Amino acid sequence: MISAAPLRGDYKAVPVLPDSLVYCDIPYKGTNGYEGGFNHSEFYEWTRKQKELVIISEYSMPDNFICIAQVKKCVTLSSGGAKKATEKLFIPGHQEELYKEMMSRPKAGELDFGEVA
């Protein structure tokens, strides 16, 4: 069985253990982010230093990131309106081979999300 531990908080404080997959749902650049702001450039640098696979949800990323999936959807705006947007999943470019290797592994069965920390 594969286990997962959903965590909330500062990505820099999350311990990234060996054989982890890290999913980051960051504030989308150019949208109203979280209180206190979010430093996208600092986040990009953090992802480039990671040895374990990092998957990022975002509309667009710098050139050295690879889009691995995308979906078009209707997004509700804070003004009450809606717009169509393409949400994408990216990986840092240096992790392309790691991503391919992980996707080629046999599926391990159920996923246990445990408790949210």
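The following legends describe close-up views of a predicted model of a protein chain.

**View 1. Overall arrangement of the protein chain.** The predicted model shows a chain of 117 residues. Two helices and six strands make up its secondary structure elements. Read from the N terminus, these elements follow the order β-β-α-β-β-β-α-β. Of the contacts between residues at least 6 apart in sequence, 63% join residues that are at least 24 apart.

**View 2. Surface and interior of the protein chain.** Buried residues account for 27% of the 117 residues. The area exposed by the chain is about 8,400 Å². Carbon and sulfur atoms contribute 53% of this exposed area.

**View 3. A salt bridge between strands β4 and β5.** Five salt bridges are present in the structure, and one of them pairs Glu87 with Lys73. The closest N and O atoms of this pair are 3.7 Å apart. Because Lys73 belongs to strand β4 (residues 65-76) and Glu87 to strand β5 (residues 82-92), the salt bridge ties together parts that lie 14 residues apart in sequence. Lys73 has a relative accessibility of 38% and therefore counts as partly exposed.

**View 4. The salt bridge between Lys100 and Glu96 in helix α2.** Helix α2 spans residues 96-104 and contains both Lys100 and Glu96. The two residues are four positions apart, about one turn of the helix. They form a salt bridge in which the closest N and O atoms are 3.5 Å apart. Glu96 has a relative accessible area of 32% and is partly exposed. Lys100 is likewise partly exposed, with a value of 45%.

**View 5. The salt bridge between Lys100 and Glu97 in helix α2.** Lys100 also forms a salt bridge with Glu97. Here the closest N and O atoms are 3.9 Å apart, within the 4 Å cut-off for a salt bridge. Lys100 and Glu97 are three residues apart in helix α2, so about one helical turn separates them. Glu97 counts as exposed, because its relative accessibility is 56% and the exposed class begins over 50%.

**View 6. The salt-bridge network of helix α2.** Which residues are linked in a network of salt bridges? The network comprises Glu96, Glu97 and Lys100. Lys100 takes part in both of the pairs described above, one with Glu96 and one with Glu97.

Conventions. Residues numbered from 1 in each chain as written. Predicted model: local features only at pLDDT ≥ 70, side-chain atom pairs only at ≥ 80, totals over all residues. Heavy atoms only, no water. Buried < 20%, exposed > 50% of the residue type's maximum accessible area, 1.4 Å probe, protein only. Contact = heavy atoms within 4.5 Å. Areas by Shrake-Rupley, 256 points an atom, 1.4 Å probe, with all protein chains shown as cover. Salt bridge = Lys/Arg side-chain N within 4 Å of Asp/Glu carboxyl O.
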